[in-house]
Amino acid sequence: MLIVLSGPSGVGKGTVRQAMLKSGYRDFHYSVSMTTRKMRPGEVDGVDYYFRTKEQFEEEIANGGMLEYAQYVDNYYGTPLHYVNEQLDAGQDVLLEIEVKGAMQVRAKCPDAVFIFLTPPDLNELRHRLVGRGTDDAVTIQKRVNKAVDELKMMQNYDYAVVNDEVPLAVDRIEHIIQSEHLRVQRVAEKYANMIKKATSGD
Ligand SMILES: Nc1nc2c(ncn2[C@@H]2O[C@H](COP(=O)(O)OP(=O)(O)O)[C@@H](O)[C@H]2O)c(=O)[nH]1
Ligand SMILES: Nc1ncnc2c1ncn2[C@@H]1O[C@H](COP(=O)(O)OP(=O)(O)O)[C@@H](O)[C@H]1O
């Protein structure tokens, strides 16, 4: 199953993902994105992102190597296609942590994916988290908060909205969503398997 997690910058997507891994819910593979933004202190190429130049990124697009991509506050961000295909073919769940325009591209290409939007309790708290994280200057923070206003309007295009008020609660909600989606997919698969069995047995 392909799981798409979106939400404004600073809402806590990365934090929630890390907490899911720590909670023992390891049953998904995180797709490392490619970006042209500058590496932050502590980030590692190939772990947090594949950090590339604009030219390299555009070459990747031209070669058809991206599942989706978008420009977000002056930089490109995108999902390399190869890893996602490889993991899905191997029967693994794949988690994409991407912004809304990219998510809608995935929606068009993979309508069976599960789309989850993580929201902050309110915009003041979002700003507070971005300031507290300490990775962006005041101008960038303002751009990201402005962007959040538009992103929140896109929430209605998602299958689920999850409030990240407290990390353990958000983790719990997301894990429940994934588990129920698995059951739903299993039930549909069983239904079709039975239909095929009946049709081929001549009943
Ligand atoms: N479309 C798209 N968006 C991405 C991708 N990777 C990250 N993003 C989004 O780009 C935005 C900015 O990411 P980043 O600069 O790392 O800031 P952060 O998410 O606040 O740490 C966030 O909304 C990310 O979810 C990707 O592969 N594709
Ligand atoms: N539920 C929460 N309550 C308070 N602070 C949070 C919560 N979730 C995340 N944070 C903090 O908010 C900041 C942004 O989180 P981060 O995971 O980097 O967001 P994103 O990946 O969505 O940009 C971090 O400093 C993180 O510790």
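This is a short walk through a predicted model, from its sheet to its core and its two ligands.

Okay, let's start with the sheet. Five strands make it up, and the sheet is open, with the order 2-7-1-8-9 and parallel pairing. Strand 2, residues 29-30, and strand 9, residues 160-163, are the edge strands; each has a single partner strand, so one side of each has no neighbour in the sheet. Helix 1, residues 13-22, packs on this sheet and touches strand 1, strand 2, strand 7 and strand 8. Its direction makes about 160° with that of strand 7.

Now, strand 1. How many of its five residues are buried? Four of them are, so strand 1 is largely enclosed by the rest of the structure. On one pairing, strand 1 runs parallel with strand 7 over four bridges, and there Val4 sits opposite Leu96. Strand 1 also pairs with strand 8, again parallel and over four bridges; here the bridge partner of Ser6 is Phe117. Keep an eye on Phe117, please. Phe117 also stands opposite Ala161 in strand 9, and strand 8, residues 114-119, pairs with strand 9 in the parallel sense over four bridges.

A quick reminder while we're on strands: in a regular one, side chains alternate between the two faces of the sheet.

On to the core. The largest nonpolar core has 36 residues, and the ones touching the most other members are Ile3, Val4, Leu5, Leu96, Ile116, Leu118 and Ile174. Which strand gives the most to this core? That's strand 8, with five residues. And back to Val4 for a second: leaving out residues up to four places away in sequence, Val4 touches Leu96, Ile98, Ala103, Val106, Ala113, Val114, Phe115 and Ile116.

Last stop, the ligands. Around ligand 1 there are 16 residues, with Ser9, Ser33, Tyr77, Ile98 and Gly102 coming nearest. Helix 1, strand 5 (66-72) and strand 6 (75-80) are the elements that each give two or more residues to that shell. By class, the ligand 1 shell has four nonpolar, seven polar and five charged residues.

Ligand 2 is surrounded by 14 residues, and the closest are Gly12, Lys13, Gly14, Thr15 and Arg129. Which elements give two or more residues here? Helix 1 and helix 5, residues 123-133. The class breakdown for ligand 2 is two nonpolar, eight polar and four charged residues.

So if you rotate the model yourselves, look at helix 1: it packs on the sheet, and it gives residues to the shell around ligand 1 and to the one around ligand 2. That's my tour, thanks.

Key:
Residues are numbered from 1 along each chain as its sequence is written. Chains are lettered from A and ligands numbered from 1 in the order in which they are written. This is a predicted model: local features need pLDDT of at least 70, side-chain atom pairs count only at pLDDT 80 or more; totals for chains, interfaces and linings use all residues. Two strands pair if DSSP finds at least two bridges between them. Two residues are in contact if their C-beta atoms, placed from the backbone, lie within 7 Å. Axes are lines fitted to C-alpha atoms, for helices over the stretch in contact, and angles run from 0 to 180 degrees between N-to-C directions. A residue is near a molecule or strand if its C-beta atom, placed from the backbone, lies within 6 Å of it. Ala, Val, Leu, Ile, Met, Phe, Trp, Tyr, Cys and Pro count as nonpolar, Asp, Glu, Lys and Arg as charged, and the others, Gly among them, as polar. A nonpolar core is a set of buried Ala, Val, Leu, Ile, Met, Phe, Trp, Tyr and Cys residues joined through C-beta atoms within 7 Å. A residue is buried if 20 or more other C-beta atoms lie within 10 Å of its own, exposed if 12 or fewer, and partly exposed in between; C-beta atoms are placed from the backbone.
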